[in-house]
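Visitor: Please take me closely through the interior of this model. I should like one account that begins at the packed core and continues to the spaces around it.

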Amino acid sequence: METMIPPGTPDGVGEKAWLKILSGYRTPDRRRSVRELAVTLTGFVLCWIACWAAAHYGYWFGLILVVPAAGFLLRLFMLQHDCGHGAFFGRRRWDDWTGRAIGVLTLTPYDYWRRAHAEHHASAGNLDERGVGDITTLTLNEYRTRSPRGRLGYRLYRHPLVMFGLGPAFLFLLKQRLPFGMMRSGALPWISTMATNAALALLGAALIWWLGIVPFLAVHLPIVLLAASAGVWLFYVQHQFEETHWSKPPEWQFPHAAMHGASHYDLPAPLRWITGNIGMHHIHHLSSRVPFYRLPEVLRDHPALADMGRITLRQSLGCVKLVLWDEKAKRLISLREAEAQP
């Protein structure tokens, strides 16, 4: 299959060539990584303490600080994400133990999540390998062949209140407490999950004993739920946009799927910082070992990549309605569009 040449790039620079180009950005700056971790963790702890103080002393308006606290928790997840790719310190042992420690705060068992996320990267956009680490996406034909009950279930699953409300709460509070689906992946995902659960129980019990259960829940639960919803939203927009790429082998090829199946979510600078540049997702999927703080360097040095799959904050709101893959049109469509077709 002939690779497509990204628009605006020099002649002859195809998708496979970008793999070599991006390899030059894979070396992390370990001092920078330490600073990023320290700033993010400090910001989260300070916001958390300020929220608790507001609840404890009755200044309930101060609980508005749960919003920046959730932002810092989301950013901690992005650091954990880089650890999972071996991109944060560039040393597997350092990355793994940092990721495991952060996982206690993000309610995400590191080794369980890393295994599932690796499968997502290896198969993103492959219609024959959906289901692991992905948002369930049916083709138009699959949806039509489902029973009325099955179609209703899918519509409920893709409803915004479920996708960005109940779903994230279920995922982070319940589903990630047991690593179902990892039975063939050895003992590590189970050990990681049980260890994370034990650490969560100890930390939670200590904070409840020290602060009281009401202030603890009034502060920590909203922070976790906001961060979880924001995280699912980001993951959704990074792959569920109209011109994304889905195909079956042999048409499916990793470089093409990486560059065209992931979006460039072009966020304002403050949101780029809090989300760890994860919006530059097409670059990340093509070379996941590039540290998050070096992704802007790639766009600076290769501006032709900026327009590939670009979605603005305003445009991203329209992605919510795109729920079915039309194999003939090769794009995501809404249920209304599906119903209008013969």
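Guide: Isoleucine 223 is a suitable starting point: leaving out residues up to four places away in sequence, it touches Phe44, Trp48, Val66, Ala69, Ala70 and Leu73, where contact means heavy atoms within 4.5 Å. The model is predicted, so that local features need pLDDT of at least 70 and side-chain atom pairs pLDDT 80 or more, while totals for chains, interfaces and linings use all residues. Residues are numbered from 1 along each chain as its sequence is written, and side-chain values use heavy atoms, with hydrogens and water left out.

Ile223 belongs to the largest nonpolar core, which has 33 residues; such a core is a set of buried Ala, Val, Leu, Ile, Met, Phe, Trp, Tyr and Cys residues joined through side-chain atoms within 4.5 Å. Trp48, Val219 and Ile223 have the most contacts inside this core. At least two core residues come from each of α2 (30-56), α3, α4, α9 and α10 (helices are DSSP runs of H or I, at least four residues, numbered from the N terminus). The greatest contribution is that of α3, with eight residues. A second core of 21 residues, separate from this one, includes Phe164, Ala228, Ile278 and Val320.

The covering of α3 deserves attention in its own right. Of its 19 residues, 17 are buried, that is, under 20% relative accessible area with a 1.4 Å probe and protein chains only, against over 50% for exposed and in between for partly exposed. Just after α3, glycine 86 adopts a positive phi of about 70°.

Helix α5 is the next element to examine. Its buried residues are Tyr110, Asp111, Tyr112, Trp113, Ala116, His117, His120, His121 and Ser123. These residues pack against six helices, namely α3 (66-84), α4 (92-106), α9 (188-211), α10, α11 and α13 (281-286). Just after α5, glycine 125 has a positive phi of about 85°.

Both His120 and Gly125 reappear at an enclosed space. A search of the whole structure yields one cavity of 30 Å³ or more; a cavity is a set of points on a 1 Å grid over the protein atoms alone where a 1.4 Å probe fits but cannot get out, a pocket is an open set with protein on both sides within 12 Å along at least five of seven lines, and lining residues have an atom within 4 Å of a point. The volume of the largest cavity is about 140 Å³, a volume being the space filled by probe spheres set on grid points joined across faces, edges and corners. Its lining comprises 17 residues, with His120, Gly125, Asp134, His239 and Trp246 nearest the centre. The elements that contribute two or more lining residues to this cavity are α10 (213-239) and α11 (254-260), and α10 gives the most, with three.

Asp134 also takes part in the lining of the largest pocket, where it lies, together with Gly133, Leu171, Lys175 and Gln176, nearest the centre. That pocket has a volume of about 1,200 Å³ and is lined by 47 residues. At least two of its lining residues are supplied by each of α3, α4, α5, α8 (160-173) and α10, and the largest share, eight residues, is that of α10.

The second largest pocket has a volume of about 460 Å³. Its lining consists of 21 residues, and those nearest its centre are Leu200, Leu203, Leu207, Phe216 and His220. Here α2, α4, α9 and α10 each provide at least two lining residues, but α9 gives the most, with six. The helices α2, α4, α9 and α10 are thus found both at this pocket and among the suppliers of the largest core.

One last buried site lies outside the helices. Arginine 294 is situated in the loop between α13 and α14 (295-301), and its relative accessible area of 15% places it in the buried class. Apart from neighbours within four places in sequence, Arg294 is in contact with Gly24, Tyr25, Arg26 and Thr27. Leucine 322, 28 residues from arginine 294 along the chain, has its C-alpha atom 31 Å from that of the arginine.
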